[in-house]
Amino acid sequence: MQVDIYNSNIRKLKYLIVPSGTDVSGNALNITDTDFSTVSPFKANITLQDGLIGINLVKATLDLSTLGYHIVEISINIEVL
């Protein structure tokens, strides 16, 4: 499956994944998460696969087929030694 990935302009480590060519403007996807009120393109027309920005492929595929989108948030832990 080919997808487009958008980055939240509010929380930079949150991403919206949609099937390629999906309209993400306005309320097109009925997303209630206000972190996605504005987004910027991150990657376009790439193959959905395990390890892509830390997604769970099974959950992403299920969300895409039922909701039309998948949301993933990346967390980074830094440890000073």
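**Warm-up.** Is R11 buried, partly exposed or exposed? R11 is partly exposed, with a relative accessible area of 40%. For these words, buried means under 20% relative accessible area, exposed means over 50%, and partly exposed is in between (1.4 Å probe, protein chains only).

Before going on, a word on the model. It is a predicted one, where local features need pLDDT of at least 70, side-chain atom pairs count only at pLDDT 80 or more, and totals for chains, interfaces and linings use all residues. Residues are numbered from 1 along each chain as its sequence is written, and side-chain values use heavy atoms, with hydrogens and water left out.

**Exercise 1. Find the salt-bridge partners of R11 and say where they sit.**

Step 1: Get the rule straight. A salt bridge is a side-chain nitrogen of Lys or Arg within 4 Å of a carboxyl oxygen of Asp or Glu. The idea behind it is that side chains of opposite charge can pair when their charged atoms come close.

Step 2: Take E73. R11 forms a salt bridge with E73, and the closest N and O atoms are 2.5 Å apart. R11 lies in the loop between β1 and β2 while E73 is in strand β4 (residues 70–73), so this pair ties together parts that are 62 residues apart in sequence. Strands here are DSSP runs (E, at least two residues), numbered from the N terminus. E73 is partly exposed, at 42% relative accessible area.

Step 3: Take D35. Its salt bridge with R11 has closest N and O atoms 3.8 Å apart. D35 is in the loop between β2 (14–19) and β3 (39–47), 24 residues from R11.

**Exercise 2. Follow D35 to its other partner, K14, and see what the links build.**

Step 1: D35 also forms a salt bridge with K14, where the closest N and O atoms are 2.9 Å apart. K14 belongs to strand β2, and the two residues are 21 residues apart.

Step 2: Check the burial. D35 is buried at 11% relative accessible area, and K14 is buried at 8%.

Step 3: Put the pairs together. Salt bridges that share partners join R11, K14, D33, D35 and E73 into one network. The full count of salt bridges comes to five.

**Exercise 3. Work out what the side chain of D4 reaches.**

Step 1: Locate D4 in strand β1 (residues 2–8).

Step 2: Look for a salt bridge. D4 is buried yet has none; the nearest side chain of opposite charge, K43, is 12 Å away. For charge, Lys and Arg count as positive and Asp and Glu as negative, with His and the chain ends not counted.

Step 3: Turn to the backbone. The D4 side chain reaches the backbone nitrogen of G21 at 2.8 Å and that of N45 at 2.7 Å.

**Exercise 4. Place T47 relative to D4.**

Step 1: T47 lies in strand β3 and is partly exposed, at 40% relative accessible area.

Step 2: The C-alpha atoms of T47 and D4 are separated by 8.9 Å, with their positions 43 residues apart along the chain.

Definitions and conventions:
Helix = DSSP H or I, 4+ residues; strand = E, 2+ residues; numbered from the N terminus. Polar contact = N/O pair within 3.5 Å; in protein donor to acceptor, adjacent residues only side chain to side chain.
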